[in-house]
Protein chains: 2
Amino acid sequence: MSSIKKSRKKIVVIGGGTGVFTTLTSLRPYFNNLTAIVTMADDGGSTGILRENFGILPPGDIRRALIALSGSNNEMLSKLFSYRFKQGIGLTGHSFGNLLITALERITKDFEKAINEAGKILSIEGKVIPITLGDTRLIAELGNGQIIKGENNIDIPKHEGNIKIKKVWLEPKAKINSNAKKAILSADVVIIGPGDLYTSIIPNILVGGTKQALKKTKAKIIYFSNIMTKFGETNNFQASDFIKTIISYLGKGVLDYAIVNNKKPSFKKRAVYIKKNSDFVEPDFNLEKINKDISIIKTDLLRPGKFIRHDSNKLGRLIKMLV
Amino acid sequence: MSSIKKSRKKIVVIGGGTGVFTTLTSLRPYFNNLTAIVTMADDGGSTGILRENFGILPPGDIRRALIALSGSNNEMLSKLFSYRFKQGIGLTGHSFGNLLITALERITKDFEKAINEAGKILSIEGKVIPITLGDTRLIAELGNGQIIKGENNIDIPKHEGNIKIKKVWLEPKAKINSNAKKAILSADVVIIGPGDLYTSIIPNILVGGTKQALKKTKAKIIYFSNIMTKFGETNNFQASDFIKTIISYLGKGVLDYAIVNNKKPSFKKRAVYIKKNSDFVEPDFNLEKINKDISIIKTDLLRPGKFIRHDSNKLGRLIKMLV
């Protein structure tokens with residue numbers, strides 16, 4: 001890949017979870033000016049414990065983005081950042097990278113400085129920016145009026161997972177980090193997703209000022225829909241449902257492209273997912289009816305192999321072509 | 001200091017605790033081929049918990065030596081390695097550097113590889129080698145026959161601290177790490193100490209093969225006596241007691257030099273220490289009677305300031321002169 005001449009266009013990726021990792025990994029062979037803007041809504045697992053114990057902003061999504069951008073000679077450091085303790089009283093389950101970001105935050109007394117220092121250690125190529133520096137929680141209201149507090153409780157539902165999410169919001173309200181705003185405004189391309197719709201993608205849009213920045217920027221804005229539905233979040237969602245939901249939070253006239261996978265994985269591959277109440281996101285007929293201003297691109301984004309994932313080569317090549 | 005032409009002589013420092021840190025820091029401006037061989041007897045604090053929970057070798061002394069040798073542009077990384085969590089269930093009290101070495105050991109499944117990887121992260125100039133790769137504990141027998149198990153119980157005495165230590169040994173027996181042996185055999189100079197006599201220095205000599213390697217090597221061997229006594233270990237010890245004890249474990253004819261501080265700190269400075277049952281190590285008259293083969297050097301090694309410490313500039317210049 002090193003022989004490809006990389007584009008110097010400014011690419012901003014917005015998201016969270018493993019989606020950000022996939023997208024950044026896809027883009028690295030083609031672009032050399034990458035910025036990841038990540039959600040600050042995570043409150044589960046190692047991240048949740050560190051938020052509670054240290055009162056810091058959530059390190060988990062930051063960590064994943066840092067690893068995706070880490071220098072190519074840093075295989076051991078990437079492994080170290082990804083390492084999760086499997087033993088030790090109070091250590092079990094903690095991600096080493098989360099502990100590192102936490103320690104740096106204590107030393108620098110500044111979350112963004114801590115991210116920059118962690119980035120230096122990993123020799124990252126690019127930038128990682130939290131969408132907000134506000135300490136906020138994600139709240140959901142279900143179709144039956146039930147209120148679910150906390151990202152982790154929505155992500156790993158204890159409620160009846162078949163009930164649709166009516167709306168999500170942040171408590172307290174949070175405003176956009178000025179560095180995130182600057183990155184969006186000066187971007188050539190903004191890529192939103194893929195990722196868990198309500199828990200990784202929309203929390204970024206809920207932050208005060210994100211919508212405005214996305215409206216104001218001259219960047220092309222691309223949304224990647226998911227390949228598979230997620231129980232408790234997007235049951236039975238078709239591709240048009242993903243896009244319509246994003247537009248309902250983003251407002252009309254913001255998205256330029258929505259990209260949809262149209263290659264259905266075999267039933268054999270899907271069987272494991274179906275057992276977990278997750279299934280293929282159909283590139284449905286309603287897609288045509290969505291906002292006429294949006295170009296819907298349907299293409300095969302599936303990675304070969306046992307697991308149903310986005311193929312980072314296909315993703316990267318597609319974006320390179322669009323940009 | 002960068003204008004000084006550094007000596008390329010091979011210097012090996014043997015010890016543990018803060019003593020190794022002091023000696024390595026002293027030597028760095030003058031020598032560019034430094035190796036630290038550190039004790040594996042520590043079983044207290046963060047290190048003790050990690051030994052118990054992970055069954056790994058003790059990372060604490062390794063960490064201190066790594067920090068002392070860390071690259072000059074790595075101020076933040078040194079801070080990070082030294083950082084100790086002050087919050088967090090199960091995290092409080094843990095040194096971040098210890099967690100890093102532990103995680104690397106889990107990833108590489110090899111303690112020495114983990115040290116090398118940690119050394120790469122810190123861009124260390126030199127080498128850090130554990131004296132043994134055997135999992136062993138330090139045991140002491142007191143003058144009254146009482147047996148004390150574990151380095152930490154000797155170091156922070158729960159026993160009557162005025163009773164002298166009769167002897168110390170390792171259980172189970174441990175043999176020297178082949179890399180430590182090689183380093184000693186190929187060294188030009190070996191420096192032992194300063195450091196806690198029974199808990200940081202002698203545990204290295206107790207490892208099977210250390211004495212033999214120190215006898216066999218053509219290196220000059222220098223022992224640094226302590227400035228202050230330590231309650232429960234070296235109460236009322238004079239300089240000659242330190243040297244005689246070392247010789248009793250090392251055998252005769254091994255040491256070339258013993259270096260003794262002869263500058264007594266003011267009573268005002270000592271008062272804080274005296275409250276903790278620690279006092280000045282006198283450069284006593286018995287020094288002359290010790291083995292005639294050893295050159296005893298008495299000199300001012302005291303650092304100006306509130307705390308009674310070795311002055312790293314004085315230490316460094318002295319060794320440079322002797323070598």
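This note reviews the chain pairing, one helix contact and the aromatic rings of a predicted model.

1. Basis. The model is predicted, with local features requiring pLDDT of at least 70 and side-chain atom pairs pLDDT 80 or more, whereas totals for chains, interfaces and linings use all residues. Residues are numbered from 1 along each chain as its sequence is written, chains are lettered from A in the order written, and side-chain values use heavy atoms without hydrogens or water.

2. Symmetry. A turn of 180° with a shift of 0.0 Å along the axis lays chain A on chain B at an RMSD of 0.0 Å (least squares on C-alpha atoms of residues with pLDDT of at least 70 in both). The copies are thus related as by a two-fold rotation axis. Of the residues of chain A, Gly90(A) comes closest to this axis, its C-alpha lying at 1.9 Å.

3. Aromatic pairs. Over all chains, nine aromatic pairs are found (ring centres of Phe, Tyr or Trp, the latter by its six-membered ring, within 6.5 Å; planes under 30 degrees apart are stacked, over 60 edge-to-face, the rest tilted). Phe54(A) and Phe85(B) are edge-to-face, at 5.8 Å centre to centre and 70° between the planes. Phe96(A) and Phe96(B) form a tilted pair, at 5.2 Å and 35°.

4. Burial. Phe54(A) is buried at 5% relative accessible area (buried means under 20%, exposed over 50%, partly exposed in between; 1.4 Å probe, protein chains only). Phe85(B) is buried at 2%. Phe96(A) has 0% relative accessibility and counts as buried, and Phe96(B) is likewise buried at 0%.
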